[in-house]
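Got your viewer ready? Here is a short walk through one structure, one selection at a time.

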Amino acid sequence: MVNSEQNVVNSEQSGVSPEQKLHYSTCTLCEAMCGIEVATQGNRILSIKGDKDNPFSEGHVCPKASALKDLYDDPDRLKRPIKKVGDEWQEIPWSEAFDYVAEKLHHIQSTHGKDAVGVYLGNPNAHNMGAILFGPYFYRALESHNRYSATSVDQLPHHIVSRRLFGHMSQIPIPDIDRTQHFVIIGGNPLASNGSIMTVPNVKKRLKGVQKRGGKVVVIDPKRTDTADLSCEHHFIRPGSDVLLLLAMLHVVFEKQLHSAEALLPYAEDLLDVEGYVKGFSPETVSELTGIKASQITKLVTDFCEAESAVCYGRMGASVQAFGTLTQYLIMLFNMLTGNLDRQGGMMFTQPAADILPVSSRGSIGGYSSRVRGLPAFAGEYPVACLAEEILTPGEGQIKAMVIGAGNPVVTTPNTEQLERAFSQLDFVVSVDFYISETSRHADIILPPVTPLERDHYDVVFHNFAVRNYATYSEAVVNIDDNQLTDWQIYLSLAERLDKLNGKSTAHYQALWQKQPQGLIDDLLKSGQYGAHASANASGEEGYNLSLDKLKAHPHGIDLGPLQSALPNAIFHENKKIDLDFDYFMPDIARVKTHFFDRMRNENQMVLIGRRHIKTNNSWLHNSPRMVKGNNRCTLQLHPVDAAKYQVQEGDRVKVTSRVGHVQVEAEITDSIMPGVVSIPHGWGHNKKGIKLGVASQYPGVNTNILTDEMQVDTLSGNGVLNGVPVSLERM
């Protein structure tokens, strides 16, 4: 973990004092991969600002970048393993901690079976090179089917759609935002998320760029978000009805003969058969249910099809609802039928430099289901909505212990009060985290990894979703002491001990310790299409001869050009065809009809949606003073019409009740939200006994997932339903 001089600007060139150094790195707090310039003095971080010479982000950073310094300096951050002894935490050596964890997990599995140990992984793992590459050695050593992650309260529908259509769960085409003339965003707020399954620094500039070149940005969302305010056109939509809108949009494509799929028919021969599935969903049929006029739906489609290039992008709001998987599938069909897949300005596949897809799991489908409710497993994971019942329900396969990797499920998953009860009865919990959070307070031992600026970084995941091909490698900005470890060292140490206890060979670990994640990245770069073994890149230009050493020599990163057409090579199915898999997706239309047309609807029922803020998208950031200062952001937003109905005034305390729980929260009255809809942001609720988050505890907010229902899931995927949750209101 020694700083590389190649990431340091000579003091004479930089204009800083000789004691100070400048380093060039990457912000890892969201998917945008913004380049940052970090000034240090010894092991002190002096400042963080945008790297103007970074060809991808061009100096842009959002307010979160400064929180990297706050994480590093945070007095609440753990640096050594701590073990719970009675009601107290005691610091212990790493070797003792690893032995203790391995022996406890081995004993529980020897007594109750392999599945008695569950694993939950939070999304920071996706931003961590070491955790992505070396964490799987530990999961495999556990041999447990009880694996869960934040995926199933987020982007699981994207993975299932891509696995079935294109043959790999991570082969997700993304919007070619820099060249599109018409951008439709359904259930996404990229100005707050900085993309999300679309790695896009300075998205505000890029969206304005669409309009500057004569194009159009359209947002469809139950809330008029920051992105909607920037758009040319915004339509409110009733939460959960996106599937009806997409079915109607496809209906219009066929009714008005607007399809333009000739280029894709060689790869998807039955694409035009979609017409038979959408005949009954005219704009007039769905207008009242969606809240969008039939004429507006028709115009949405005709404007899209008349554009020189266009792309329809659906994100978080479209995924975490009762028909999230079918909705994302229909979005992909809409792009395909209008000729906007694998086309400049449409949905395009990326060409990452270190392409992990060919050597990673494509995503196992089926094979087994959860023990209690029978929810489907995908890519070796069960939906997290069933985690609590797998702990609480006795019998063979009951979870007795949990491993939590950089996650906070007690805040972020459905019906968290039930999960609280479940965690309290576990025999053993180990948390890989550098905070005592709402979840890790349940642990018997916490193994803290270093913070992002203390480790090397290459974005294994998000280069694969970048709106422009680009590569950068960031070396550690500050040194760590001998008693600090990275995530990969923690996971590999546990894996080696577990294999030894299980009587398995551990000879291969020696090579892994020597290789390290950096060595694997070097192999991927050299074997990739821009690497030493490639004579030319995807556009036929002179090869880049990329390697780890070359990226280190270019600390600002290397631009690899715009996205390129990639069919049929982008398809992982052996026949190089897109498998539309009607038999899997289309039967869910029957559930749509029952849900919307056959059941009695309560027109007065209020429904809950989430929201995010650019400064507080992650519960870690709530312990940063500069991220939480200012006005209270954890409020209940409701429309003035609904406020009058419930006699609620600005600032009143309102009791919000769902089937599974209730919270009391401050009211914020705004016409930016659709009548009949209320919104509470996710990630709050820092009022639990035992947490050690000094700043967050002063701004606790309420946990919206006390209200979300673990029994409400998207049937096709098991993804949690976090939007469209029925609630009642009462002014306190």
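Keep in mind along the way that this is a predicted model.

**Stop one: a pair of helices.** Select helix 4 (residues 129-142) together with helix 18 (residues 487-501): their axes come within 8 Å and cross at roughly 20 degrees. Angles under 35 degrees count as roughly parallel, and helix 4 and helix 18 are therefore roughly parallel to each other. Now turn the view to look at how they pass; helix 4 goes by helix 18 in a left-handed crossing.

Next, show the side chains where the two helices meet. On helix 4, pick Gly130, Ala131, Phe134, Gly135, Tyr137, Phe138, Ala141 and Leu142; their partners on helix 18 are Asp487, Trp488, Tyr491, Leu492, Leu494, Ala495, Leu498 and Asp499. Colour this contact by residue class and you will find twelve nonpolar, two polar and two charged residues.

**Stop two: a covered strand.** Move on to strand 16 (residues 401-405). Is strand 16 mostly covered or mostly open? Mostly covered: five of its five residues are buried. In a regular strand, side chains alternate between the two faces of the sheet. To see both faces of strand 16, select Ala401, Val403 and Gly405 for one side, then Met402 and Ile404 for the other; all are buried.

**Stop three: the strand's neighbours.** Add strand 6 (residues 117-121), which pairs with strand 16 in the parallel sense over five bridges. Here Val119 stands opposite Val403 in strand 16. Finally, add strand 17 (residues 428-432), which runs parallel to strand 16 and is joined to it by five bridges. Zoom in on Met402 and you will find Val429 of strand 17 opposite.

Conventions. Residues are numbered from 1 along each chain as its sequence is written. This is a predicted model: local features need pLDDT of at least 70, side-chain atom pairs count only at pLDDT 80 or more; totals for chains, interfaces and linings use all residues. Side-chain values use heavy atoms; hydrogens and water are left out. Axes are lines fitted to C-alpha atoms, for helices over the stretch in contact, and angles run from 0 to 180 degrees between N-to-C directions. Helices (H or I, at least four residues) and strands (E, at least two) are DSSP runs, numbered from the N terminus. Angles under 35 degrees count as roughly parallel, over 145 as roughly antiparallel, 65 to 115 as roughly perpendicular and the rest as oblique. A crossing is left-handed if the near helix is turned anticlockwise from the far one by less than a right angle, and right-handed if clockwise. Contact means heavy atoms within 4.5 Å. Ala, Val, Leu, Ile, Met, Phe, Trp, Tyr, Cys and Pro count as nonpolar, Asp, Glu, Lys and Arg as charged, and the others, Gly among them, as polar. Buried means under 20% relative accessible area, exposed over 50%, partly exposed in between (1.4 Å probe, protein chains only). Two strands pair if DSSP finds at least two bridges between them.
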